[in-house]
Amino acid sequence: MPLVTSPESGATTSAVPRRSTPVRVRGRRHHVHLAPYLFVAPAVVLFVVFMLVPIVYAIWLSFQTYHLVGGGILGHREQVFAGFENYGSVLADPNLIAGFGRLGIYGLIAVPLNLGLALLFALLLDAPASRAKRFSRTAIFVPYAVPGVVAALLWGFMYLPGTSPFSYITQSLGWGDIPFLENPGIFGSLANIAIWGVVGFNMIIIYTSLRGIPSEMYEAARLDGANELQIALRVKIPLATPALVLTAIFSLIGTLQVYGEPTTLKPMTNVISQSWVPLMMIYRDAFLTDNLPSAAALSVVLALGTVVVSAIVLLLANRRNSGGVA
Amino acid sequence: MRSRIIASLATLAVAGLALTGCSSGGGDSDASDSGPVTLSFWSWAPGTKQIVDTWNKSHPDIQVKYTDAGGGNDSSAKLLTASRAGNAPDLSAVEYTTLPAMIVADVPLDITRYVKDVKKNYTKGTWDQTTFDGHVYAVPQDVGPMAFPYRWDKLKEYNIPVPTTWEDFDKAGVAIHNADPKVSLASLPADQFGFYGGVATQAGGSWWSIKDGKWTVGIADEASLKVADFFEKMSKDGAITTEPLLTPEWNKQVNDGTMLSWPSALWAPGVIQGVAPETDGKWELGPLPQWTAGDTAVAYQGGSGVIVTKDSKHPKQAAEFAKWYNASEEGATLLLNVGNVYPAAISGQEAAKSSKPPALMPQQTDYYSVAAKIASNTIPVTWGPDFNVAQTTFTDALNKAIQNGTPWRNAFIATQNAVVKDMKQSGYKVTNQ
């Protein structure tokens, strides 16, 4: 605002403002304001069409239900307003609680291992003594480039007793098959696929953050007599906390959205049900049992849950880290 | 301010709906009946492309573009979604089991007036699979009377006669398991809802039935619960396993001769041949084991028809292709020889009698007379509008029962309850309490 008006008022020395001034001001303001809108327009349009509209549509859909109309033995279904009916039945479904329980077990395995390994790899890469850094970094990162379904299929072959090289070894030793695809091994097997795929990505985030630490810090620590392990624990990890928080949130959201791995392994085992995790229930309702409104309601519940979990993690991290680098 | 946001959100939602509405016009905009048209067609049966090419060569005015939509279950989910979005293909293969659900979801067009002239090409039982309340929704393509493909060489090796009753089947399974625990007579996992429905029907059960406009669900009727108990006992005795089918694991067992049979239907030889071509000549097809010795009737498992969707702009031409593909002598013979399925049309089944046996059992010269005999005595099956609810509930519940060692009949009862509840909620008249 001041940017626009100041040259005008500066030029006008007369005490009586001319009538044309406000008009010109409005015109100029208009011109100045159009450009930024034009620049953000593509992003806004894409966001609206591919994010906002589907979200609003999903919320609207979650309040609908199908109602049978027409005679005959089959009839047709018509969409009608249902209020909170879908939310009621979705939240009352014992399968949902069980699904979240399985997510919990999976998350307890996958998240700490994922972060721990990513941090370990990043610290090792950052250590002055390590060799072949570029190769190792790429080698750890490469699985991230493998699409999730391909990775799950590939691991599926390595888990099935008939095709598994690991089970082949244990069979040869007379120990029998490794129960990769049975309970409770399935949790570890699924977590392994996810960790294998994403640990490299998290490692890069943490490594980048470590590279950003000024080397004076290390010099100071060394002058104080700290060895490499102490530097890693006392200097590097605290300073990389923002990156750790970021990767923790990524991992948590990734856990809540587990879908591809169990769905791909499902045909190979009997222990993964169609309601194994919440996203698989959403798929079941939307595409198998043709109940889109229920799927929409469950999606909204899951999205809200994700927001709440992420907010809690951020809050905890900020409290512990208050006044820190974050 | 807030009301303005809500108003603009509402506008956006409407705009979104309008967008999806627009997309239904995609594809061919030429709605007239003259001039060449291009039809899209989804299926998954092996050899379909070759058959479609044959049609395209002789019908320059009605060109068909074939897409492999990948298997019965995947393809039905895709079809439902595409139909919702208003851009379903003109034609699609649909399994008989999911056809009622498709009709309820308003996917297929009532094609009675286009196809009534080919009704005579089918037996009544076959035609009834695609007719509801006198309206025809699909042209039957292949039928799956239940049958029993088995490894004759291995049964001979173990000195076990080919089972003709389920009791014999049980004994054979136990004997094989005792001879070598690594070898199984068959795997009948929980996701084989169609199989369990078929053998329950064979035992006198009736999973869905309609009388006077009212549905009766019998997934937990007396006959079905006895079937549940019987297969549970077989599983516990080791006569059968319950490992998933068509996985790399199962395929390997079929290949190395540790999986000796697949109680299923007449379409199975083509599928087995696809995963284990090196076992050609070691298989034979026999009638499905019976509950009572001397009976011959079997139910259907699988089988599909071709629908014309409501989105099609050229329903007449689409029906024309569907009729040629499935009901004509040329089409049915191609289905038999190229598609390796058992055609639904009488002409195809007649042609089968003089055909060579499938590649999986070239030595079984009487294959098609065995098949014809099996197909001549079938029990009609009605599938409910919520087949998918039943299937997913059944699979999850039975898997749980198998893992926890709880009675299998509980899974049947759970499915029954879920189906009745779902049908009542949808608004169907159901006689069950």
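Leaving aside neighbours within four places in sequence, A:Ala82 is in contact with A:Phe63, A:Gln64, A:Thr65 and A:Pro293. The model is predicted, and this residue of chain A serves as the starting point. A:Ala82 belongs to the loop between strand 2 (76–81) and helix 3 (85–92) of chain A. One of its contacts, A:Thr65, is 17 residues away in sequence, yet the two C-alpha atoms are 5.6 Å apart in space. A:Ala82 counts as partly exposed because it has 19 C-beta neighbours inside 10 Å, and a residue is called buried at 20 or more.

Further along chain A comes helix 4 (residues 94–126), with 33 residues. From its first C-alpha to its last, helix 4 of chain A reaches 47 Å, close to the 48 Å expected at 1.5 Å a residue. There is nevertheless a bend of about 30° in helix 4 of chain A, placed at A:Gly107.

Two loops of chain A have backbone features to look at. In one, the peptide bond that joins A:Asn183 and A:Pro184 is cis, with omega about 0°. A:Pro184 sits in the loop between helix 7 (165–172) and helix 8 (185–211) of chain A. In the other loop, A:Asp290 has a positive phi of about 55° although it is not a glycine. The loop that holds A:Asp290 runs between helix 13 (278–288) and helix 14 (292–320) of chain A. A:Asp290 is buried, because 25 other C-beta atoms lie within 10 Å.

Chain B also has a residue other than glycine with a positive phi: B:Asp106, where the value is near 70°. B:Asp106 is in the loop between helix 4 and helix 5 (112–115) of chain B. Is B:Asp106 buried, partly exposed or exposed? B:Asp106 has 15 other C-beta atoms within 10 Å, so it is partly exposed.

The domain assignment of chain B divides it into domain 1 (35–144 + 302–375) and domain 2 (145–300 + 380–426). Taken over C-alpha atoms, the centres of domain 1 and domain 2 of chain B are separated by 26 Å. Where the two domains of chain B meet, 29 residues of domain 1 are in contact with 27 residues of domain 2. On the domain 1 side, the elements of chain B that give two or more residues are helix 4, helix 6 (124–128), strand 6 (139–151), strand 11 (300–308) and helix 16 (367–375). Helix 16 of chain B supplies the largest share of that side, 5 residues. By residue class, the side of domain 1 of chain B that touches domain 2 of chain B has 18 nonpolar, 9 polar and 2 charged residues.

Strand 11 of chain B, already named at the domain contact, can be followed through its strand pairings. It runs antiparallel to strand 3 (residues 91–95) of chain B, and 5 bridges join the two. Within this pairing, B:Val94 has B:Gly305 in strand 11 of chain B as its bridge partner. Strand 6 of chain B is likewise antiparallel to strand 11 of chain B, joined to it by 5 bridges. There, B:Val143 stands opposite B:Gly303 in strand 11 of chain B. Why is strand 11 of chain B described as largely enclosed by the rest of the structure? The reason is that 9 of the 9 residues of strand 11 of chain B are buried.

A buried residue can also be found in strand 1 (residues 37–43) of chain B, where B:Val37 is placed. B:Val37 is buried because 21 other C-beta atoms lie within 10 Å. B:Val37 and B:Val64 are 27 residues apart in sequence, while their C-alpha atoms are 8.5 Å apart in space.

The last step is the contact between the chains. Here 38 residues from chain B meet 34 residues from chain A. On the side of chain B that touches chain A, the elements of chain B giving two or more residues are helix 1 (2–23), helix 3 (72–84), helix 4 (99–104), helix 11 (248–255) and helix 17 (387–404). Helix 17 of chain B gives the most to this side, with 8 residues. The residues of the side of chain B that touches chain A comprise 20 nonpolar, 13 polar and 5 charged. Helix 4 of chain B is thus named among the elements of the contact with chain A, and it is also named on the domain 1 side of the domain contact within chain B.

Conventions. Residues numbered from 1 in each chain as written. Chains lettered and ligands numbered in written order. Predicted model: local features only at pLDDT ≥ 70, side-chain atom pairs only at ≥ 80, totals over all residues. Contact = placed C-beta atoms within 7 Å. Helix = DSSP H or I, 4+ residues; strand = E, 2+ residues; numbered from the N terminus. Nonpolar A, V, L, I, M, F, W, Y, C, P; charged D, E, K, R; others polar. Domains from an automatic or database assignment. Buried ≥ 20, exposed ≤ 12 C-beta atoms within 10 Å, placed from the backbone. Pairing = 2+ DSSP bridges. Expected span 1.5 Å × (residues − 1). Bend = angle between axes of the 7 residues up to and from the residue.
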